[in-house]
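Me: Please take a close look at one part of this model, the packing of two helices. Then carry on to the other local features.

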Amino acid sequence: MDHASFTEICLHQLKMSGVHDGETVVVLTQGDERREYADAFLAAGRRLGANIYHLRIPAAPITGGWAVGQTMLGSMPEVVDALKAADMLIDCVFLLFSPEQIAIQAAGTRILTAIEPPELLARMLPSKELRENVECAGELLAGAKHMRITSPHGTDVSYTLNTFPTLREYGSTDEPGRWDHWPSGFVFTGGDDDGVNGQIVVAPGDILLPQGIYVREPIIYTIEKGWITDIRGGLEADLVNSYMSSFNDERGFGMSHVGWGMNPNAKWHGMEPGLFPGGMGMEARSYLGNVMFSTGPNNELGGSNDTSCHLDIPMRGCSLFLDDEAVVLDGEIVVKELQFT
Ligand code: FE
């Protein structure tokens with residue numbers, strides 16, 4: 001690892017996140033993980049005059065699965081208090097979906113998650129243009145009442161949008177209490193609880209997360225009134241059915257967030273598990289013009305479904321319409337204000 005260059009990209013990040021002289025910034029890590037991230041952020045933060053320090057908690061116990069939202073902070077109220085007292089938290093652990101993260105944000109601390117491999121952080125640096133375009137895309141989505149997604153493979157699904165807010169991720173954060181994830185670049189909302197109907201055909205080359213695989217055979221989802229009633233296809237459909245049924249939770253068959261990717265530096269082909277181990281698929285979620293639907297919980301948006309059975313599925317070559325106006329056509333962003341120079 002070239003520590004000097006890692007410090008430089010962290011410096012860029014902290015500037016984009018508005019870190020300035022006298023602010024209190026905490027870098028949180030766990031066990032042996034990402035100690036070099038802490039070093040890089042500390043060096044960068046000092047150069048901006050921030051009051052920055054590193055807080056390291058013990059490694060989490062080994063469990064049989066990934067339990068979203070459960071962290072060591074649940075038994076460490078004094079650590080949570082320290083994080084609430086900071087202006088900014090750099091989260092190198094992954095606190096997302098935890099009650100502690102919600103409490104820290106509510107106290108006014110802004111949070112930036114940074115857990116992806118340094119190579120991806122470097123490739124997908126935040127920028128002013130990315131933020132402006134994501135905010136513009138978020139305005140469009142927030143104003144829409146209906147979304148339709150189609151594809152040459154047979155996808156034709158409609159979402160009514162009267163319930164949930166629109167979330168924007170652009171990979172930096174400079175507002176009190178606001179969370180973001182570096183790297184990112186997309187917008188999403190959720191359909192009304194009974195307002196998603198139609199068929200989604202996940203096509204070869206589309207991506208299953210958290211599995212981190214490219215689909216080779218189509219997966220055909222049938223959706224009625226917000227619930228998946230059938231999943232069929234080949235090998236990958238079998239994998240999805242087996243994975244989802246293992247949760248013994250029918251709420252996993254609900255429809256979760258939906259939106260599109262906005263980051264031109266993210267690449268569809270970038271997800272190679274052997275290449276940058278440790279990534280969780282943020283590049284796949286972010287690449288420009290992907291249309292991502294997801295299944296399972298909607299509590300992230302304020303809904304009542306908090307199942308832990310959650311898949312994110314970024315798709316290529318789709319068309320997405322908001323109130324009958326095309327935003328994405330065959331995988332290309334066609335709204336002029338959302339295009340990059
Ligand atoms: Fe998701």
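Reply: In this predicted model, helix 3 (residues 77-84) and helix 4 (residues 99-106) approach within 9 Å, axis to axis, and cross at roughly 35°. The crossing of the two helices is right-handed. Helix 3 supplies Val80, Leu83 and Lys84 to the contact, and helix 4 supplies Glu100, Ala103 and Ile104. By class, the contact of helix 3 with helix 4 has 4 nonpolar and 2 charged residues, and no polar ones.

Phe97 sits in the loop between strand 3 (88-91) and helix 4. Its phi is positive, about 75°, although Phe97 is not a glycine. Most residues other than glycine have a negative phi. Phe97 is partly exposed, at 33% relative accessibility.

Asn248 also has a positive phi, near 50°. Asn248 lies in the loop between helix 7 (235-245) and strand 15. Asn248 is exposed, with a relative accessible area of 74%.

Strand 15 leads to the metal site. The iron ion is coordinated by His257 (NE2), His310 (NE2) and two OD atoms of Asp312, at 2.2 to 2.5 Å. Angles among the 4 donor atoms run from 53 to 118°, and the site is irregular. His257 belongs to strand 15 (residues 255-261) and Asp312 to strand 17 (residues 311-315), so the pair ties together parts 55 residues apart in sequence. Both His257 and Asp312 are buried.

Two cis peptide bonds remain to be placed. Trp182 and Pro183 are joined by one, with omega about 5°. Pro183 is in the loop between strand 8 (179-181) and strand 9 (186-190). Leu209 and Pro210 are joined by another, with omega about 15°. Pro210 is in the loop between strand 11 (207-208) and strand 12 (213-214).

Definitions and conventions. Residues numbered from 1 in each chain as written. Predicted model: local features only at pLDDT ≥ 70, side-chain atom pairs only at ≥ 80, totals over all residues. Heavy atoms only, no water. Donors = N, O, S within 2.8 Å, 3.2 Å for Na, K, Ca; no water. Tetrahedral: all angles 85-135°; square planar, octahedral: opposite > 155°, others 65-115°. Helix = DSSP H or I, 4+ residues; strand = E, 2+ residues; numbered from the N terminus. Buried < 20%, exposed > 50% of the residue type's maximum accessible area, 1.4 Å probe, protein only. Axes fitted to C-alpha atoms, helices over the stretch in contact; angles between N-to-C directions. Left-handed = near helix turned anticlockwise from the far one by under 90°. Contact = heavy atoms within 4.5 Å. Nonpolar A, V, L, I, M, F, W, Y, C, P; charged D, E, K, R; others polar.
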